[in-house]
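User: Can you walk me through this model? I have the sequence and coordinates open.

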Amino acid sequence: MVGYQLHSGFNTMQLQAQSLCVARSGKDVLSGVSFSVNAGEVYALLGGNGAGKSTTLLSVLGFLPIASGRIRISNKEVSCDIAAARQAISYLPESASLYEHLNANENLDYFLQLAGNATCQQAMSAALDQVSLAPEVRLKKLRTYSKGMRQKVAIALAILRDTDILLLDEPTSGLDPSAIDEFHHTVRELANKGKAILMVTHDVYGACQVADKIGLLHGGTLVGEFSATDNERINTETVHRAFSATAHTSKTTLATQGP
Amino acid sequence: MSVLNVFTREVKFAAKDRTLWLWLIVVLLLSTLAVGSGFIEVKHQNATIQRLIDADKQDRLTEFETVKSWGSAAYYGFHLTYAAPSNFAYAAMGLRDTQPWKHRVRMLALEGQIYERDVGNPSVALIGRFDFAFLAAFIMPLILILLLHDLKASEKTAGRFYLIEATVGQPLFFWLLRASLRAGALFLSLVAPLVIAGIIARTVPATLALASLLVFAYLIFWTMLCFLTSAWRRSGSVILMSLFALWIGTAVLVPAGAKLAIDRWVPVPAGADILMLQRETVNAAWDLPKDVTMQTFFTGHPEWASYTPLKNSFDWPWYYAFQQVGDEKTGHLTAAYNNGRLLRARLTAWASFLAPPSLLERSLQWLAETDMNASLRYEKKVRAYHSKLREFYYPYLFGNEPFDKAALKNIPDF
């Protein structure tokens, strides 16, 4: 497994959630969740099914109304200008499925135009190189791609959008170990370029490998937070024990995830 | 990014959508079929009219060679009346399938003749014609529903919805543009055969433009319905079922309910009653003393009161007098029948504002002059022509004028 260089030296706070409470269908799904992600930092929200991970991301994007608390993007309230907040964010949904009737280049071109970004063939090729998508498949329709290849195109899109913040929803779900490793490498590269990255995952091992901070989410509450230091990555065992403890607390069985 | 660039982007994107192309081809084929069948029917009707005009003239010439009196000339002389299809009728055949548009009338009682029509298959009449008006009003909403109901739901299923919403600056404009482009493409596929047929048929450009505008407005209505419903946070199948229910309501239930209510509220005498009364009056006249019939006739037509019928032999003026008395006896029923039909048509027109498919179909039939008003206008023309025939023959008949075959050339044309 590749060891990554953590802490890129950026200190600007890009994304901040304070005492976030969200209710869906009259039921509290997030209660007092607070965290922050600085520029150059990878923050992994770790939790089992129904912990509130995806809800957190959708709240940051302004898709879910916040009952109380606040979310700030570059020190601006998301609720004040959702469109501006979204402009600052690249979002990679779980199992991102781009258009199957388009090839990789066409998908990138279309979504970049949607975002109002200028499209450049060279930049697209460079991004696809960066995610290691073989050149010979780039002109094939996405319907012929494996899940990992599709994910690579989606990551290339996030790279090309060149936003300050990246939100990644279960980005390694369904990928094979080597693809996960490549993905983590790309994420670290992006963080090293100053991007603030918030990823939600239930992959304890992967999160410990790539993240500077890990927030352990359980039942809509942030029950623990772990940080890496300049010299030491987050200890997988510690996080795993905490993760398992939350599972036992709720009497539910959470599969321990690993690459 | 300029609006033009955004538009171009979405056009390029839509152009790569095979499902959209499939529907465009289907609509183009259906429209071509509908317009083509209407075009062929109009051509057939025009050819029939032309053939009948020629045959009618020839037939009268043959009959008039042997007639020896004004009475027999009026009796044996048939006259063609017709309502030629308008040059937009190919788009909406309307009541031309069920109401008569051609007659051969003679100077007998008119009411028995005016409701005559060609024998048609009632099952076919019940199904109705697959014309452009039917396609645009009833089929197109279904195609739009199929194409647009999962505008957002399909993206949610594919996991792209939040990605798109988070990426585009103005999601509302984006979805609206995506829906409008698809509806616009369908509109062009639908209207192209109509316009081409219109150019061939030399349809008045304003009529074509108005028809296209009506169809356009109608498709916008359904596009907006689909668009608004697609925003509903439900699965594609729930949205699809809801839109189908809306279609059934507006295309079937409301028109059917309105027809039942209007028919009940506006009673109309049966055509058979008119025919029976007229026939009974005419037949009864044979057994009445001629003076009784003539006095009834002279009450309405005092200008011929000086005429005295032959007492002991058949008398043509008396014969035509009781024919007219038969018509006049049914006058109140005929007026009630026509007024009732007109009132029903007006009320149905108002009710169709609650049923957009019917509203569009009726509007296109109005433009094509194939609606109830056009049918009643034709009947009025036939009545007026029949009156002209009487005005031509009566001075000769009741004035005891000697028969002059050459004067038959002056019989008024329809």
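The chat below goes through confidence, the two chains, their cores and their contact.

User: What kind of model is it, and what are its ipTM and pTM scores?
Analyst: It is a predicted model. It scores ipTM 0.85 and pTM 0.83.

User: And what is the mean pLDDT of chain B?
Analyst: The mean pLDDT of chain B is 90, with 98% of its residues at 70 or more.

User: Where in chain B is confidence lowest, and where highest?
Analyst: The low point is helix H5 of chain B, residues 122–127, with a mean of 65. Helix H16 of chain B, residues 356–368, has the highest mean, 96.

User: What should I keep in mind where pLDDT is low?
Analyst: Predicted coordinates should not be read in detail where pLDDT is low.

User: OK. How many helices and strands does chain B have?
Analyst: Chain B has 17 helices and 2 strands.

User: Is chain B spread out or compact?
Analyst: Chain B is more spread out than a compact globule, because its radius of gyration is 29 Å and the globule rule gives 22 Å for 414 residues. Its C-alpha trace spans about 100 × 45 × 35 Å along the principal axes.

User: What share of chain B is buried?
Analyst: Of its 414 residues, 36% count as buried. As for contacts in chain B with a separation of 6 or more, 84% are between residues 24 or more positions apart.

User: Now chain A. How many helices and strands there?
Analyst: Chain A has 8 helices and 10 strands. Of its 259 residues, 47% count as buried. Among contacts in chain A with a separation of 6 or more, 73% join residues 24 or more positions apart.

User: Which domains does the assignment give for chain A?
Analyst: Domain 1 of chain A comprises 10–88 + 164–259, and domain 2 comprises 97–162. Their centres, taken over C-alpha atoms, are 25 Å apart.

User: How many residues does each domain put into the contact?
Analyst: Domain 1 of chain A gives 9 residues and domain 2 of chain A gives 9 residues. On the domain 1 side, helix H6 of chain A (residues 177–192) gives the most, with 5 residues. By class, the domain 1 side has 5 nonpolar, 2 polar and 2 charged residues.

User: Switching to packing: how many residues are in the largest nonpolar core?
Analyst: It has 83 residues, and those with the most contacts inside it are A:Leu46, A:Ala156, A:Leu167 and A:Ile197. Helix H5 of chain A, residues 147–161, gives the most to this core, with 9 residues. Domain 1 and domain 2 of chain A each supply at least three of the core's residues.

User: What is A:Ala156 in contact with, leaving aside neighbours within four places in sequence?
Analyst: A:Ala156 is in contact with A:Leu108, A:Ala127, A:Leu128, A:Gln130, A:Val131 and A:Leu133. Apart from the largest core lies another core of 53 residues, including B:Val27, B:Ile143, B:Phe187 and B:Leu243.

User: Last topic, the contact between the chains. How many residues come from each?
Analyst: Chain B gives 17 residues to the contact and chain A gives 20.

User: Which helices of chain B each supply at least two of them?
Analyst: Helix H1 (3–15) and helix H8 (161–167) of chain B each do. H8(B) has the largest share of the chain B side, 6 residues.

User: And how does the chain B side divide by class?
Analyst: The side of chain B that touches chain A has 8 nonpolar, 3 polar and 6 charged residues.

Methods:
Residues are numbered from 1 along each chain as its sequence is written. Chains are lettered from A and ligands numbered from 1 in the order in which they are written. This is a predicted model: local features need pLDDT of at least 70, side-chain atom pairs count only at pLDDT 80 or more; totals for chains, interfaces and linings use all residues. pLDDT is the predictor's confidence in each residue, from 0 to 100. Helices (H or I, at least four residues) and strands (E, at least two) are DSSP runs, numbered from the N terminus. The radius of gyration is taken over C-alpha atoms; the globule rule is 2.2 Å times the number of residues to the power 0.38. A residue is buried if 20 or more other C-beta atoms lie within 10 Å of its own, exposed if 12 or fewer, and partly exposed in between; C-beta atoms are placed from the backbone. Two residues are in contact if their C-beta atoms, placed from the backbone, lie within 7 Å. Domain bounds come from an automatic or database domain assignment. Ala, Val, Leu, Ile, Met, Phe, Trp, Tyr, Cys and Pro count as nonpolar, Asp, Glu, Lys and Arg as charged, and the others, Gly among them, as polar. A nonpolar core is a set of buried Ala, Val, Leu, Ile, Met, Phe, Trp, Tyr and Cys residues joined through C-beta atoms within 7 Å.
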